[in-house]
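The exercises below are to be worked with the sequence and the coordinates open side by side. Each task is followed by a solution that goes step by step.

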Amino acid sequence: MISFDAALAKVVQAAGLLGTERVALSDAHGRVLAETVRAKTPLPPHDYSAMDGYAVNTADFGGPLPVTLPVRGESRTGRVAPRFERGSACRIYTGAPIPDGADAIVMQEDTTRTGDVLAVQTTPTAGEHVRRRGEDLPENAVALETGTRLGAIQLGLLAAVDRASVDVARRPRVTVMATGDELRPPGSEPRPASIPESNGVAIAALAREAGADVVVSAPAKDDPEETRARIRAALDASDVLVTIGGVSVGDHDVVRPALEAAGVTLEFHKVAIKPGKPLTLGRRGETHVLGLPGNPVSAQVTFLLFGLPLLRALQGARDVLPIARRVRLSAPIRQKTGRRGFYAATLAGDVATPLRGQSSGATTILAWADALVVVPEDSEGLAAGDVADAHLLRGS
Ligand code: AMP
Ligand code: MG
């Protein structure tokens, strides 16, 4: 049995960037940047006003207030600023270029205008309410590092630095294949002793969220030949094959031998975690294989903890490992030592309450949980009030 940390290290070390492609900004959401993006021109590209008001020269101030100035010209957004005359004020709007010769903006609220004569009630300082060319990002400075996952806000920055397309990591091609004679499509006519296939639905959606191109294969029967043939075909078409179930030690757990028969080299097939001990990692050529245990909590927890890092690593992401935050327990958690435990909990602020019924066979608790509380392998549990690490199950 391999430790959690050693297993995770094996998963991500074996995975390198698959390749890159150029995509339009409109197709880049959720992708991982495969280039360092720099500002071609300074951001902002010209000095502009941060306020509606008047552009002035501070040398025209210093005497008693109000200072009276004639209004000459107007600077509007999207137009070249007019010539500025010393001893005057130029009408200006938020975003409009600063005329040459003006060095400050007085806010409209600090002025009184009578016809073309402006009375200014305050003494501006040089640079006041002026946004400088390049103050946000100088020319050629880095806007986004390679390996950044492109969320909505990062797309906005790419547009601001004038990019219409970017190099991103190729999507990993993932095949999700459930196994088990008992499985049938959700919503289909129940056969005796059948259950709806539910893990594959969750795993496929998680993989898609992580940027993968996912094919969900029909569940394979618990038959050695069929499973082997299905695995062979899936390996040829995938960067990552995720099998679900049949990976433990029962007589009808045919996945591990089928993987080996299909030419997959197993890296490990038991991890010191609870749930998810039978998790299996393998590889054939460039194709990675994750054999997830079939119990719903086990399958989903192991994919969250190992599958998502694998997909991030294959996309060259900078932040690959699961991020933990600190929480305080409202109730105790007990466990046997020897395996790192992951417990579904709800969160209220930073207070975590473990859910009842922490069975690896539960189909409910993860869907109701906000986080997985981590209990170290050498611990017999945690008491109410203890601080623990937790992985969030929902985005912000
Ligand atoms: P296994 O790992 O194949 O021994 O399966 C362990 C448990 O998980 C059994 O109760 C299976 O019926 C259940 N199970 C396996 N695969 C799935 C699946 N894809 N969806 C829902 N339950 C599953
Ligand atoms: Mg099974």
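**Exercise 1.** Is Arg 22 buried, partly exposed or exposed, and what is its relative accessible area? Then determine which residue forms a salt bridge with Arg 22 and what the pair ties together.

*Solution.* The model is a predicted one, so the values that follow are computed from predicted coordinates. Arg 22 has a relative accessible area of 47%, and because the partly exposed class lies between 20% and 50%, Arg 22 is partly exposed. The salt-bridge partner of Arg 22 is Glu 35, with the closest N and O atoms 3.7 Å apart. Since Arg 22 belongs to strand β1 (20-24) while Glu 35 sits in the loop between β1 and β2 (37-38), the pair ties together parts that are 13 residues apart in sequence. Glu 35, at a relative accessible area of 16%, is buried. Finally, Arg 22 and Glu 35 are linked with Arg 163 and Asp 167 in a network of salt bridges.

**Exercise 2.** Compare the expected span of helix α4 with the distance between its end C-alpha atoms, and work out where its buried residues lie.

*Solution.* Helix α4 comprises 13 residues (224-236), which at 1.5 Å a residue should span 18 Å, and the 19 Å between its end C-alpha atoms agrees with this. The buried residues of α4 are Thr 227, Ile 231, Ala 234 and Leu 235. Viewed down the axis of α4, these buried residues fall within an arc of 100°, and they therefore line one face of the helix. An α-helix has 3.6 residues a turn, so residues three or four places apart point the same way. On the other side of α4, Glu 225 and Asp 236 are exposed. The elements that cover the buried residues of α4 include β13 (173-179), β16 (213-220) and α5 (255-261).

**Exercise 3.** Establish the strand order of the six-stranded open sheet and identify which strands stand at its edges.

*Solution.* The order is β7-β4-β6-β5-β9-β8, with mixed pairing. β7 (104-107) and β8 (111-114) each have a single partner strand, so one side of each is left without a neighbour in the sheet, and these two stand at the edges. From one strand to the next, the twist averages 40°. The edge strand β8 runs antiparallel to β9 (residues 117-120), to which four bridges join it, and Thr 114 has Val 117 as its bridge partner in β9. β8 and β9 form a hairpin with two residues between them, where Gly 115 in the turn has a positive phi of about 60°.

Technical notes. Residues are numbered from 1 along each chain as its sequence is written. Chains are lettered from A and ligands numbered from 1 in the order in which they are written. This is a predicted model: local features need pLDDT of at least 70, side-chain atom pairs count only at pLDDT 80 or more; totals for chains, interfaces and linings use all residues. Side-chain values use heavy atoms; hydrogens and water are left out. The expected span of a helix is 1.5 Å times one less than its number of residues. Buried means under 20% relative accessible area, exposed over 50%, partly exposed in between (1.4 Å probe, protein chains only). The arc is that of the directions from the helix axis to the C-beta atoms. Contact means heavy atoms within 4.5 Å. Two strands pair if DSSP finds at least two bridges between them. Axes are lines fitted to C-alpha atoms, for helices over the stretch in contact, and angles run from 0 to 180 degrees between N-to-C directions. A salt bridge is a side-chain nitrogen of Lys or Arg within 4 Å of a carboxyl oxygen of Asp or Glu.
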